[in-house]
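Dear colleague,

I am passing a structure on to you, and below it you will find an account of what turned up when I went through it. Please read the text with the coordinates open beside you.

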Amino acid sequence: MPEDLQDLITALLAKRPDDRPSSAAEVYTALAPHLPEPEPGLAVRPTPPEDPRRPFLVPQGPMPL
């Protein structure tokens, strides 16, 4: 396993919150070099949000009843 992935896993499992990644965007950025390139014709993964407090996978707008 690449050393940078081992370091990321260690950080994700850190006991102290200050030692863990501060956002999902930070984890995505660390993982991005290891993700496979999408096949032609398949949907492209979204980029991480500019504002990490606003999730990019959750639909925005009113919730349906």
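To begin with a single residue, L31 has its place in helix α2, and please keep in mind throughout that this is a predicted model. With a relative accessible area of 32%, L31 is partly exposed, since the value lies between the 20% under which a residue would be buried and the 50% over which it would be exposed. Once its neighbours within four places in sequence are set aside, L31 is in contact with L5 and L8. As for L5, it lies 26 residues away from L31 in sequence, while the C-alpha atoms of the two are 7.6 Å apart in space.

These contacts belong to the packing of one helix on another. The protein chain has 2 helices and 0 strands, and the axes of helix α1, which covers residues 3–12, and helix α2, which covers residues 24–31, come within 10 Å of each other and cross at roughly 160°. Because that angle is over 145 degrees, α1 counts as roughly antiparallel to α2. The crossing in which α1 passes α2 is left-handed. On the α1 side the contact is made by L5, L8 and L12, and on the α2 side by V27, A30 and L31. Sorted by character, the residues of this contact comprise 6 nonpolar ones, with no polar and no charged residues.

Another residue of helix α1 that you may wish to look at is D7. Its relative accessible area is 47%, so D7 is partly exposed. Between D7 and A30, which are 23 residues apart along the chain, the C-alpha separation is 9.9 Å.

Turning to charged side chains, a search of the whole structure finds 1 salt bridge. There the side chains of R16 and D19 meet, with a distance of 3.8 Å from N to O. D19 is itself partly exposed, as its relative accessible area is 42%.

Finally, there are two figures for the chain as a whole. Of the 65 residues in the protein chain, 11% are buried. Where contacts between residues at least 6 apart in sequence are considered, 18% of them join residues at least 24 apart.

With best regards

Note on methods:
Residues numbered from 1 in each chain as written. Predicted model: local features only at pLDDT ≥ 70, side-chain atom pairs only at ≥ 80, totals over all residues. Heavy atoms only, no water. Axes fitted to C-alpha atoms, helices over the stretch in contact; angles between N-to-C directions. Helix = DSSP H or I, 4+ residues; strand = E, 2+ residues; numbered from the N terminus. Parallel < 35°, antiparallel > 145°, perpendicular 65-115°, else oblique. Left-handed = near helix turned anticlockwise from the far one by under 90°. Contact = heavy atoms within 4.5 Å. Nonpolar A, V, L, I, M, F, W, Y, C, P; charged D, E, K, R; others polar. Salt bridge = Lys/Arg side-chain N within 4 Å of Asp/Glu carboxyl O. Buried < 20%, exposed > 50% of the residue type's maximum accessible area, 1.4 Å probe, protein only.
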